[in-house]
Amino acid sequence: MFKSIFITLVAFVTFICGAPGKENVSMIAHRGYSSKYQQNTEEAFIGAGEHGSGGAETDVRITKDGVLVLSHNADIEMKDGTKLNIADSTYSELTAQPIKNEKTKTDLYICTFERYLEICKQYNMICFIELKAEFSDEMIVKMFDLAKSVYDLTMCEFQSFDFDNLVRVHELYPELRIMLTYGSDSEGYERCFDYGFDIDVDYKVITKDMVEEFHSRGLKVGVWTCNSPCSRYYSYWLGVDYIESDKY
């Protein structure tokens, strides 16, 4: 309750007095421009790029036949209402018909990771990438080798709530920027300092001291998911580097 009041007051003062450094904050489209377009689709990522987003966040899964596709959920709903489990379905089965589209009238198909990279490259967007389900080391290598060949690993930021998963990816790709996703139930963000990991924090949890701790070590700080003007102006006051949002 107190934190909510504090956020509101700080956001109001920041809005009235201005937000120094606002121009240095990159807006990251959460699952693409997902308030306007169906999330994690080609349309949503192109929409983010055309809107001027600094980056786009996505969720990667693996089909039964090893194709990297984008979906937050393990199941994807098709246009006719059928639900298919991604891990148990081939890419051809998943693209036999359009997916359910609740935002526009366009027929959309499940988006591949490769197509996401192409769009991000076209619009010079940062790639925030979260692995869903279990990935073998072989699939992680396949995924980031693809990112390296299509775009640029320096434009990619790998995210996860699972710290051990971050360490595993870091051992495979020490040059990759890696970011701990951190929420109210998370513990021990200080571990990031041992590995040089960035952090992406629930805006209701983060503090200005946390931001300063990371910045003092040359590490980046993001916040999620800021869909209201209040949350965004509070984040400007904090001095974060990235703001994830479904809206603009």
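A residue counts as buried here when its relative accessible area is under 20%. By that yardstick, 51% of the 248 residues of the protein are buried in this predicted model.

Overall fold comes next. The protein carries nine helices and 11 strands. Its radius of gyration is 18 Å, close to the 18 Å that the globule rule gives for 248 residues, so the protein is as compact as a globular protein of that length. Laid along the principal axes, the C-alpha atoms fill a box of roughly 55 × 40 × 35 Å. As for how the chain meets itself, take the contacts between residues at least 6 apart in sequence: 56% of these join residues at least 24 apart.

On the outside, the accessible surface adds up to about 11700 Å², and carbon and sulfur atoms account for 50% of that. The charge tally is 25 positive and 40 negative, and the mean positions of the two sets lie 6 Å apart.

Now for some local detail, starting with strand 8, which spans residues 177–182. Five of its six residues are buried, so strand 8 is largely enclosed by the rest of the structure. Strand 7, covering residues 156–160, runs parallel to strand 8, and four bridges hook the two together. Within this pairing, Ser-160 stands opposite Leu-180 of strand 8. As a general point, side chains in a regular strand alternate between the two faces of the sheet.

Asp-145 offers another view, this time from a helix: the residue sits in helix 5, which runs over residues 137–150. Its relative accessibility is 37%, and a value between 20% and 50% counts as partly exposed, so that is the label Asp-145 gets. From Asp-145 to Gln-159 there are 14 residues in sequence, and the C-alpha to C-alpha distance in space is 17 Å.

Ser-89, by contrast in setting, belongs to a loop, the one between strand 5 (83–85) and helix 3 (91–94). Is this loop residue buried or exposed? With a relative accessible area of 5%, Ser-89 falls under the 20% cut-off and is therefore buried. What does Ser-89 touch, once residues up to four places away in sequence are set aside? The list is made up of Thr-63, Lys-64 and Asp-65, together with Leu-84 and Leu-94.

Terms used: Residues are numbered from 1 along each chain as its sequence is written. This is a predicted model: local features need pLDDT of at least 70, side-chain atom pairs count only at pLDDT 80 or more; totals for chains, interfaces and linings use all residues. Side-chain values use heavy atoms; hydrogens and water are left out. The radius of gyration is taken over C-alpha atoms; the globule rule is 2.2 Å times the number of residues to the power 0.38. Buried means under 20% relative accessible area, exposed over 50%, partly exposed in between (1.4 Å probe, protein chains only). Contact means heavy atoms within 4.5 Å. Accessible areas come from the Shrake-Rupley method with a 1.4 Å probe; for residues, only the protein chains shown count as cover. Lys and Arg count as positive and Asp and Glu as negative; His and the chain ends are not counted. The place of a charge is taken as NZ of Lys, CZ of Arg, CG of Asp or CD of Glu. Two strands pair if DSSP finds at least two bridges between them.
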